[in-house]
Amino acid sequence: VKKRERKLVRLQKKVNRANVITVISKYTEQVVRQNLILNNKPVHVVYNGNSLQLFEQTSKPNFIYFDDFIFSIGIISAKKNFHVLLPLLKNNTQLHLVIAGNKSSAYAQKLIELANKMGVGKQLHLPGTITDETKYWLYKNCKAFVFPSLTEGFGLPVVEAMSLGKPVFLSTLSSLPEVGGTQAHYWNNFEPQHIVEIFEQGIQKFDAKKSIESIEWTKQFSWEQAAKKYLQLYETV
């Protein structure tokens, strides 16, 4: 609690000095307004751009020895809520789950233990931190991108996956509905049956048309557009 309070004090000092506030999502704007005193200073939403590095040719990672897999990425911590995905593996013994990212947390170990307890340990793969080339290959070749996170200021992996025309499955929390829009599929709760049903329905309905629509949706998240908005703000200030 004290650490949070100290952080808020530091942020408040910066806000006090500023003429204009920028945030990376409407959700973040809500959080800012709830926790800081803005004194009627204008707040502008400037979305992050898609930073995904594209590769013409990529090699299959050594740990991929299966055909069907769903993918997620992020520091493996409790707020990412990855354990709710395990029923998908229980429902389909041919399906694998790859979660890339730092796995040094106690939560990562609990995730492995829970997977083993559920009998799906061999379907869960935690390769740790990966290269941009491997990340691109996993996005490009996954069956779907899954992101049941509890809190995200923006959720860049969602944009990265959708920019390659992949179906994405998200929680309805924090900024994710804002970033995923109507193109994403959403879990309204984390009950195992609901997780499986939404995923199965979404996969069945996803087609080439929806893939193209997802790609089009992500074009609003570009660093070029972000730079133009920041430049306009600098000129007004």
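**Pocket first**

I began with the pocket: α1 (2-17) and α2 (26-35) each supply at least two residues of the lining of the largest pocket. Note to self: this is a predicted model. Which helix gives the most to that lining? I find α1 in that role, with six residues.

I then went through the lining by name. Lys 3, Arg 4, Lys 7, Leu 8, Arg 10 and Leu 11 are on the list, and so are Thr 28, Val 31, Val 32, Asn 35 and Leu 36. By class I get five nonpolar, two polar and four charged residues. For the volume of this largest pocket I noted about 430 Å³.

**Whole chain**

Next I stepped back to the overall fold. I have ten helices and eight strands down for the chain. The radius of gyration comes out at 19 Å, close to the 18 Å that the globule rule gives for 237 residues, so I wrote the chain down as being as compact as a globular protein of that length. Along its principal axes, the C-alpha trace spans about 55 × 40 × 30 Å.

How much of the chain is buried? I noted 48% of the 237 residues. As for the surface, the chain exposes about 13200 Å², and carbon and sulfur atoms supply 51% of that. I also looked up contact range: of the contacts with a separation of 6 or more, 69% are between residues 24 or more positions apart.

**Tyr 139 and Lys 135**

Then I zoomed in on helix α5, residues 132-141, where I found Tyr 139. Lys 135 is in helix α5 too.

Is Tyr 139 buried or exposed? Its relative accessible area is 0%, so I put Tyr 139 down as buried. Leaving out residues up to four places away in sequence, I listed what Tyr 139 touches: Leu 52, Phe 71, Ile 73, Phe 145, Pro 157, Glu 160, Ala 161, Leu 164 and Lys 166. I checked the spacing to one of these, Glu 160: it sits 21 residues from Tyr 139 in sequence and 7.9 Å away in space, C-alpha to C-alpha.

Lys 135 was my last stop. I had to look at the cut-off here: buried means under 20% relative accessible area. Lys 135 has 14%, so it counts as buried. With the same sequence neighbours left out, up to four places away, Lys 135 touches Leu 52, Phe 71, Ile 73, Ile 130 and Glu 160. Comparing my two lists, I see Leu 52, Phe 71, Ile 73 and Glu 160 in both.

Note on methods: Residues numbered from 1 in each chain as written. Predicted model: local features only at pLDDT ≥ 70, side-chain atom pairs only at ≥ 80, totals over all residues. Heavy atoms only, no water. 1 Å grid on protein atoms, 1.4 Å probe; cavity = no way out; pocket = protein on both sides within 12 Å on 5 of 7 lines; lining within 4 Å. Points joined across faces, edges and corners; volume = space filled by probe spheres on them. Helix = DSSP H or I, 4+ residues; strand = E, 2+ residues; numbered from the N terminus. Nonpolar A, V, L, I, M, F, W, Y, C, P; charged D, E, K, R; others polar. Rg over C-alpha atoms; globule rule 2.2 N^0.38 Å. Buried < 20%, exposed > 50% of the residue type's maximum accessible area, 1.4 Å probe, protein only. Contact = heavy atoms within 4.5 Å. Areas by Shrake-Rupley, 256 points an atom, 1.4 Å probe, with all protein chains shown as cover.
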